[in-house]
Amino acid sequence: MDAVIDIQHLSKAFGSHQVLKDIDFSVKKGEVVCIIGSSGSGKSTLLRCINLLEKPTGGQIIYHNENILDKKHDITAYRTKLGMVFQQFNLFNNHNVLNNCVVGQIKVLKRSREDAEKVAMKYLKVVGMDKYINAKPKQLSGGQKQRVAIARALAMEPDVLLFDEPTSALDPEMVGEVLKVMKELAESGLTMLVVTHEMGFAKEVSDRVVFMDKGVIAEEGTPDQIFNHPKEERTKEFLQRTRNSI
């Protein structure tokens, strides 16, 4: 099956600090890929490079057989095909829940308000937030905000959904409700690339797990390979430290 996104020899430096070094991996249609690793290993930077919130220093990002880092490529059009769910929700505080899911569709996809609201309602229902359409973000819990953020990303009907540690800003009792939604999305066949420290989720839901260490991919494989039969010493050490959360 063709890759939706194919990363080749990707690198990223901030000044003299090399954050990503020679990264190669791909995400196929319908696949759920989880990226794990210690803080500072380059996981979030990799995600931000993929959707061009950060400009890679070198390498290629191939999307539908085109290198999107070529000057001629329409970056805005590419970005609309990648949904992004952030740690801190990034909702518009002055808009209600429905508007948060409608604005991008109207501005970027040029949908009519009526069509945009229909699509928004469809996905708010999927994440269990359709009863809160008139609420402002400040009236919601962290878990509810993150579910709205997921609905907003889905409403753009992207080819792939990127999650950057979507539960790290949540109180422990709210983590479950967000992971449950993500698990249901994975089961529905959505293509997902997830940076996470939730090892249980990565083990249960991923098709493939990528372990990053110090800006490189140290090891990748199926959840069974990575969690039960890791080859690299560094992977074993990392999992030893995090095994309580599996």
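1. Two strands count as paired when DSSP finds at least two bridges between them. That rule applies to the hairpin of β4 and β5, where two bridges join β4 to strand β5 (residues 66–67). The model is a predicted one.

2. The hairpin of β4 and β5 has two residues between its strands. One detail to check there is H64, which takes a positive phi near 50°. The two strands run antiparallel. Across the pair, Y63 stands opposite E66 in β5.

3. The hairpin belongs to a wider sheet. Four strands form this open sheet, in the order β2-β1-β4-β5, with antiparallel pairing. Its edge strands are β2 and β5, each of which pairs on one side only. As a general point, strands of a sheet pair through backbone hydrogen bonds, either parallel or antiparallel.

4. The other pairings in this sheet can be followed strand by strand. β1 and β2 pair in the antiparallel sense over eight bridges. Here I7 stands opposite F25 in β2. Strand β1 (residues 3–14) is also joined to strand β4 (residues 58–63), by five bridges, and again the two run antiparallel. In that pairing Q8 stands opposite Q60 in β4.

5. Which residues of helix α3 are buried? In α3 (residues 97–108) they are V97, L98, N99, N100, C101, V102, V103 and Q105. The cover over these buried residues includes α4 (113–126) and α5 (142–155).

6. Both ends of α3 deserve a look. At the N-terminal end N96 acts as the cap, with a side-chain oxygen 3.2 Å from the backbone nitrogen of L98. L98 is itself one of the buried residues of α3. After the helix comes K110, whose phi is positive, near 60°.

7. Next, the charged pairs. In general, side chains of opposite charge can pair when their charged atoms come close. The count for this model comes to 12 salt bridges. Among them is the bridge of E31 with R208, whose closest N and O atoms are 3.0 Å apart. This pair links distant parts of the chain, 177 residues apart: E31 sits in the loop between β2 (17–28) and β3 (32–36), and R208 in strand β9 (residues 208–213).

8. Are the partners E31 and R208 buried or exposed? E31 counts as buried because its relative accessibility is 11%, under the 20% cut-off. R208 is at 15%, so R208 also counts as buried.

9. R208 has a further partner. E220 forms a salt bridge with R208, with the closest N and O atoms 2.6 Å apart. E220 lies in strand β10 (residues 216–221) and R208 in strand β9, 12 residues apart. E220 counts as partly exposed because its relative accessibility is 33%. E31, R208 and E220 are thus linked in a network of salt bridges.

10. One more salt bridge joins two helices. E204 pairs with K183, and their closest N and O atoms are 3.2 Å apart. E204 is in helix α7 (residues 199–205) and K183 in helix α6 (residues 172–187), with their positions 21 residues apart in the chain. E204 counts as exposed because its relative accessible area is 55%. K183, at 28% relative accessibility, counts as partly exposed.

Definitions and conventions
Residues are numbered from 1 along each chain as its sequence is written. This is a predicted model: local features need pLDDT of at least 70, side-chain atom pairs count only at pLDDT 80 or more; totals for chains, interfaces and linings use all residues. Side-chain values use heavy atoms; hydrogens and water are left out. Buried means under 20% relative accessible area, exposed over 50%, partly exposed in between (1.4 Å probe, protein chains only). Contact means heavy atoms within 4.5 Å. A polar contact is a pair of N or O atoms within 3.5 Å; within protein, one must be able to donate a hydrogen and the other to accept it, and residues adjacent in sequence count only if both atoms are side-chain atoms. A salt bridge is a side-chain nitrogen of Lys or Arg within 4 Å of a carboxyl oxygen of Asp or Glu.
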